[in-house]
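Q: Which residues surround the ligand? Please take a close look at that part, and then relate it to the rest of the chain.

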Amino acid sequence: MADKEDPKNGKMGKGKSKVVCGYPLSIFFIVVNEFCERFSYYGMRAVLVLYFKYFLRWDDDLATSIYHTFVALCYLTPILGAIVADSWLGKFKTIIYLSIVYAVGQVAMAVSAIHDITDSDRDGTPDSMTFHIVLSMVGLFLIALGTGGIKPCVAAFGGDQFGEHQDRQRRTFFSVFYLCINGGSLLSTIITPVLRAQECGIYSKQKCYSLAFGVPAALMVVALVVFIIGSGMYYKAEPQGNIMLDVCKCIGFAIKNRYRHRSKQYPKRQHWMDWAEEKYDKLLIAQIKMVLKVLFLYIPLPMFWTLFDQKGSRWTLQATTMDGNFGALVIQPDQMQTVNPILILTLVPIMDSLIYPLIKKCGLNFTPLKRMTVGMLLAAIAFVCAALVQIQIDKTLPTFPSTSQSQLKLLNMGSNSVTVKLPGNDALILPAAQASNDYYMFQAGQIDISFGNPEMTKPVTLGSGQRQTLLIPSTLSDELQMTNDLTSKPQEGNNAIRFVNGMKTAVNVSTAAADFGLIEPFYYSNYSQIKNGKATFTLRSGSQSCEYSTNFGFGSSYTFFIHSTLVFGSNCQDSVTAVEDIKPNSVHMALQIPQYFFITAGEVMFSVTGLEFSYSQAPSNMKAVLQAGWLFTVAIGNFIVLIVAELAKIPKQWAEYVLFASLLVAVCVIFSIMAYFYTYIDPTEIEAQFKKKINEDDEDDKSKPGKAEVEMVKRDSIKCHDEYDKATQTKM
Ligand SMILES: N[C@@H](Cc1ccc(O)cc1)C(=O)NCC(=O)O
């Protein structure tokens with residue numbers, strides 16, 4: 001296990017790797033492997049929900065449930081990978097085998113997205129959706145097994161490449177490792193949506209999901225090949241038998257033995273694990289103590305991930321109610337997430353080369369656990385920022401009717417103005433082809449409305465919890481039409497658009513993104529979703545047509561009224577009235593940048609440090625297991641999001657953000673107390689001392705046969721504790 005040569009002055013690192021600038025060359029292959037693997041994972045994940053929705057034709061609920069189940073599975077499988085690596089195959093072989101499983105899964109996904117495979121009637125839609133569903137589910141299962149399984153092994157395997165005196169280099173490795181994760185994920189989350197938007201196919205052209213999954217599959221193969229190329233240079237720690245089974249048996253024995261000796265007549269032992277001394281190796285007991293101490297410290301950590309992982313859900317939803325127009329650049333709500341890896345790529349080097357050295361220069365001992373505590377506080381601040389932004393957004397949101405209320409808007413379809421009297425309101429004069437400025441609020445039920453001069457009164461029924469528009473015909477004695485309007489903001493920052501035809505002839509309306517179909521005279525179309533930016537609508541009646549263009553922001557709803565006076569062949573622009581039913585989002589998406597900044601700074605302090613801490617505090621034979629324990633906190637954090645979202649039905653989103661921030665601060669206080677009592681250890685040193693002592697004992701036993709065993713156990717126990725204590729002196 002010793003270095004081949006001193007990495008500081010020799011040419012070799014641990015194993016057979018050359019040393020370049022103090023770093024073993026072998027880690028180059030490991031970080032490139034991580035870059036490609038994360039590209040593969042995040043690239044596939046970026047289009048997964050859309051694939052479920054538009055290719056497999058699942059509804060929103062099913063698509064999001066399967067997506068979250070998959071993500072949670074990816075963080076549960078690390079336990080499996082770590083056990084296999086530490087107990088059986090070793091990290092190197094586990095990474096190779098599981099990477100093959102992973103690549104097969106990615107290929108299965110790419111194949112499952114080829115619609116032509118089952119499109120025997122060549123109509124553009126797959127004939128056997130079951131085939132595509134089964135293949136993609138098998139693919140996702142293999143990917144979860146692969147990505148989760150190799151995750152704890154790759155990080156720990158990278159750490160293994162460093163010698164005992166390369167602590168600084170190993171810390172830098174974990175930072176570079178994190179940079180590669182984010183470099184890969186940033187590139188892929190930009191590239192795969194573009195690939196998906198391409199059209200491809202043999203018999204018919206469809207959105208190219210197969211390419212969007214195929215490129216990540218290819219990158220996974222590249223990751224595997226790169227990793228194999230480095231094969232000759234790696235230091236490969238041998239697995240040490242079924243360590244997890246030994247650990248479980250040893251803990252079980254300690255508990256049983258403690259229970260058996262619960263009476264006061266038996267002297268107490270320093271640690272409850274010491275009750276396993278009668279049967280188990282003292283080195284194993286010491287190693288289990290190290291792991292348990294770290295695992296105990298992990299208990300509060302899932303709360304950080306609970307907040308962190310909401311940037312993919314709640315914060316993206318928040319962005320859908322914001323304005324993404326950055327001048328030359330228009331940002332879609334889900335693209336805001338890329339701010340995280342971009343900030344990681346800038347913050348990690350700044351922290352490593354500026355902030356941490358500066359703190360050290362000021363004489364402060366900014367230990368890993370202190371960094372993690374600050375990271376948690378920064379995440380809580382991020383959620384306070386999110387709450388402040390939400391309060392701003394709420395001020396701009398329309399007031400929608402409650403379940404007992406109704407809202408009514410008026411639209412005069414005639415070419416003359418009309419006087420309208422609504423109960424409890426002054427008479428209103430509506431000019432020709434105009435709508436009332438806003439909605440009028442009523443209790444749901446029937447109201448009487450008076451029109452015109454001489455006055456004509458008609459009963460109108462208002463649906464509970466509904467927003468409606470009353471279409472007033474040019475001949476007041478004609479039947480009144482009521483439309484049902486939106487009672488929430490359109491999804492994903494899109495604009496909900498519909499047309500009302502005030503002409504005596506049917507009109508067909510279409511645009512590049514939507515077809516409103518044929519709209520009958522004095523009737524209206526359904527809503528269609530239009531993205532932000534300029535849209536040109538073609539209005540057609542028989543062979544005649546004209547165009548109407550307008551610009552859209554984010555999250556608005558409009559009713560476009562086609563005047564009775566419209567003349568085809570001339571300019572349509574003045575013959576269409578845009579009625580704004582829901583205002584476009586006015587709070588700018590740039591206001592989310594502070595919350596992204598704080599959560600990412602928190603991530604750098606918490607996650608990058610935690611990754612290295614989990615490695616450095618783990619005994620040599622349980623490095624991957626502790627990495628898996630770290631990743632398990634991410635899985636639990638994700639489950640908490642699901643549970644809290646279901647249970648805590650807090651009506652105000654800003655209040656939910658404040659609740660999460662407060663919970664994290666409370667957890668952070670608990671964590672800092674736990675961290676205060678934690679003593680840093682040097683597992684290598686402890687293990688070396690134990691091994692030395694065991695060797696000495698063996699020599700002793702040979703020279704003094706027949707010494708009372710009980711005496712020896714007692715003496716050893718005291719000696720071991722002394723050694724353990726000597727090696728565990730630094731606090732928080
Ligand atoms: N910062 C995340 C990666 C990330 C990238 C892109 C997103 O839209 C969200 C998150 C990270 O480093 N995660 C750790 C990992 O191992 O993936």
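A: Domain bounds here come from an automatic or database domain assignment. On that basis the protein is divided into domain 1 (22-239), domain 2 (297-398 + 589-682), domain 3 (399-485) and domain 4 (489-582). The centres of domain 2 and domain 3, taken over C-alpha atoms, are separated by 50 Å. The model is predicted: local features need pLDDT of at least 70 and side-chain atom pairs count only at pLDDT 80 or more, while totals for chains, interfaces and linings use all residues. Residues are numbered from 1 along each chain as its sequence is written.

The ligand is surrounded by 13 residues, each with its C-beta atom, placed from the backbone, within 6 Å of it. The closest are Ile-181, Ser-185, Gln-337, Asn-340 and Pro-341. Domain 1 and domain 2 both give residues to this shell, so the ligand lies between them. At least two shell residues each come from helix 1 (26-55), helix 4 (167-197) and helix 10 (339-361); helices (H or I, at least four residues) and strands (E, at least two) are DSSP runs numbered from the N terminus. Helix 4 gives the most, with 5 residues. By class, the shell has 5 nonpolar, 6 polar and 2 charged residues (Ala, Val, Leu, Ile, Met, Phe, Trp, Tyr, Cys and Pro count as nonpolar, Asp, Glu, Lys and Arg as charged, the others, Gly among them, as polar).

Helix 4 also packs against helix 12 (residues 593-616), their axes coming within 10 Å and crossing at roughly 130 degrees (axes are fitted to C-alpha atoms, for helices over the stretch in contact, with angles from 0 to 180 degrees between N-to-C directions). Helix 4 is therefore oblique to helix 12, as angles under 35 degrees count as roughly parallel, over 145 as roughly antiparallel, 65 to 115 as roughly perpendicular and the rest as oblique. In this pair, Arg-171, Phe-174, Ser-175 and Tyr-178 of helix 4 meet Val-608, Leu-611 and Glu-612 of helix 12 (contact: C-beta atoms, placed from the backbone, within 7 Å). The residues of this contact divide into 4 nonpolar, 1 polar and 2 charged.

Helix 1, another contributor to the shell, is followed by a loop leading to helix 2, and Arg-57 is located in that loop. Arg-57 is not a glycine, yet has a positive phi of about 60 degrees. Helix 2 (residues 60-112) and helix 5 (residues 209-229) have axes that come within 8 Å and cross at roughly 165 degrees. These two helices are therefore roughly antiparallel to each other. Among the helix 2 residues in the contact are Ile-95, Ser-99, Tyr-102, Gln-106 and Ala-110, and those of helix 5 include Ser-210, Phe-213, Pro-216, Met-220 and Phe-227. The residues of this contact divide into 17 nonpolar, 4 polar and no charged.

A further pair is helix 6 (residues 243-260) and helix 7 (residues 282-298), whose axes come within 11 Å and cross at roughly 90 degrees. That angle makes helix 6 roughly perpendicular to helix 7. Asp-246, Val-247, Cys-250 and Ile-251 of helix 6 make the contact with Leu-284, Ile-285 and Ile-288 of helix 7. The residues of this contact divide into 6 nonpolar, no polar and 1 charged.

One backbone detail concerns Pro-454, in the loop between strand 11 (445-451) and strand 12 (456-462). The peptide bond from Asn-453 to Pro-454 is cis, with omega near 5 degrees.
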